[in-house]
Amino acid sequence: MGENTAVKWVLFFFFPALFIYGLLHVYSSKPAQAKRTAELTAEEEAGRKVYNKFCVGCHGVNGDGNSEAAKFFKNKPPNFHTAVFRWKSTPEGTLPTDDDLMHVLNWGIPQTPMPSFKLVPEVQKRAVIAYIKTFSDRWEKEKPGKSVYGSIHRPDWFGSPESIQKGKELYATNCTSCHGEKGEGDGPLASTLPVPPTDLTYPVRAAGPKPEDTFRVLTVGLEGSPMPAFNYLSEEDRWHLVSYIAYLMNKGK
Ligand code: HEC
Ligand code: HEC
């Protein structure tokens, strides 16, 4: 092999090959992949139609939450490509269950723009849930976490005057910085947060209608939002807090 041939070999074969290898590498290591429309199953395709009818205006064509409408919201829609969900009953770092997603669709998220889709037929909601999962391949690689609902037991002293009083004291030390002294969402930290702390005196709970739903928020937190998990407080203390919050919500009614 003459010197010339070696140079030609490097220029015309080796470098192009290296370049193509590099390109392949970049494309194959892309994070969280969304499924292509052509690859959707029949249910996911049905869900895409439901999504484009009811959800696209706020959640965006690509499911990343970047819609025109979202610019005007204080509570931003999630980015379905990261598959990080706030409103769920599974531990931090894990995917929500289908029941969690169905719960959000039926209840909505009061005090945020997310409406309730209670009147939309169940089969369409199942389909749209299947569709929003196609935005992230985490759903193919991971299983949903274990829901804490199975281990929640409401004590019979829930809502008693003593429990409300204990909850009030726990609230004063753990919650006022964000939710404010009276629970109105106006604590000293509130203006520094990316999401407004919920007004806990509002007559409808964002997490759901049952005391168990509030208990769940205190146990697993709202992942990706400033609302932390309080699972280091005893179960009893968390129930006292739920008693107090239920009292705040019903006060004056
Ligand atoms: C009017 C605007 C709007 C419409 C319409 C809407 N959403 Fe939402 N959605 C939001 C906003 C804003 C949030 C974030 C609320 C928050 O966490 O503070 C949200 C949150 C959610 C969540 C919970 C995310 C989490 O972090 O746990 C799910 C799931 C969801 N939407 C699905 C849907 C689906 C499916 C549809 C259509 C059937 C839909 N949304 C229609 C605005 C909307
Ligand atoms: C660091 C600030 C911060 C602290 C401390 C905090 N919260 Fe929150 N909390 C938030 C924010 C912000 C939200 C709304 C998150 C969202 O919409 O994504 C929230 C939401 C909630 C919700 C859900 C609202 C609903 O209607 O279901 C409950 C319940 C709640 N907080 C209770 C508490 C209690 C009780 C404490 C104290 C034990 C507490 N929070 C401490 C920031 C905080």
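What does the chain's pLDDT average, and what share of the residues score at least 70?

1. Confidence. This is a predicted model. The chain's pLDDT averages 91, and 87% of the residues score at least 70. Residues 26-31 are a weak stretch: pLDDT stays under 50 there, and the model gives these residues zero contacts beyond four places in sequence. Where pLDDT is low, the predicted coordinates should not be read in detail.

2. Surroundings of ligand 1. There are 25 residues around ligand 1, and those that come nearest are Cys55, Cys58, Asn75, Phe85 and Met114. Helix 3 (56-59), helix 4 and helix 5 are the elements that give two or more residues to this shell. By class, the shell around ligand 1 holds 19 nonpolar, four polar and two charged residues.

3. Surroundings of ligand 2. Around ligand 2 there are also 25 residues. Cys175, Cys178, Ala206, Ala207 and Met227 come nearest to ligand 2. Two or more residues of the shell come from each of helix 8 (176-179), helix 9 (211-220) and helix 10 (235-250). The shell around ligand 2 divides into 16 nonpolar, seven polar and two charged residues.

4. Nonpolar core. The largest nonpolar core has 32 residues. Within this core, Tyr51, Val128, Tyr131, Ile132, Leu241, Val242 and Ile245 have the most contacts. At least two residues each are supplied by helix 2 (42-54), helix 4 (98-107), helix 5 (122-133), helix 9 and helix 10. The core lies between domain 1 (37-147) and domain 2 (152-250), because both give residues to it. As for Ile132, its contacts are Tyr51, Gly63 and Phe80, leaving aside residues up to four places away in sequence.

5. Helix 4. Which residues of helix 4 are buried? They are Asp100, Leu101, His103, Val104, Leu105 and Trp107. Helix 5 is included in what covers them. Helix 4 also gives two or more residues to the shell around ligand 1. After helix 4 comes Gly108, with a positive phi near 70°.

6. Val217. This residue is found in helix 9. Why does Val217 count as buried? Val217 has 24 C-beta neighbours inside 10 Å, and the cut-off for a buried residue is 20 or more. Leaving aside residues up to four places away in sequence, Val217 touches Ala207 and Leu222. Ala207 is also among the residues that come nearest to ligand 2. Val217 and Phe230 are 13 residues apart in sequence, with a C-alpha to C-alpha distance of 8.5 Å.

Terms used: Residues are numbered from 1 along each chain as its sequence is written. Chains are lettered from A and ligands numbered from 1 in the order in which they are written. This is a predicted model: local features need pLDDT of at least 70, side-chain atom pairs count only at pLDDT 80 or more; totals for chains, interfaces and linings use all residues. A residue is near a molecule or strand if its C-beta atom, placed from the backbone, lies within 6 Å of it. Helices (H or I, at least four residues) and strands (E, at least two) are DSSP runs, numbered from the N terminus. Ala, Val, Leu, Ile, Met, Phe, Trp, Tyr, Cys and Pro count as nonpolar, Asp, Glu, Lys and Arg as charged, and the others, Gly among them, as polar. A nonpolar core is a set of buried Ala, Val, Leu, Ile, Met, Phe, Trp, Tyr and Cys residues joined through C-beta atoms within 7 Å. A residue is buried if 20 or more other C-beta atoms lie within 10 Å of its own, exposed if 12 or fewer, and partly exposed in between; C-beta atoms are placed from the backbone. Domain bounds come from an automatic or database domain assignment. Two residues are in contact if their C-beta atoms, placed from the backbone, lie within 7 Å. pLDDT is the predictor's confidence in each residue, from 0 to 100.
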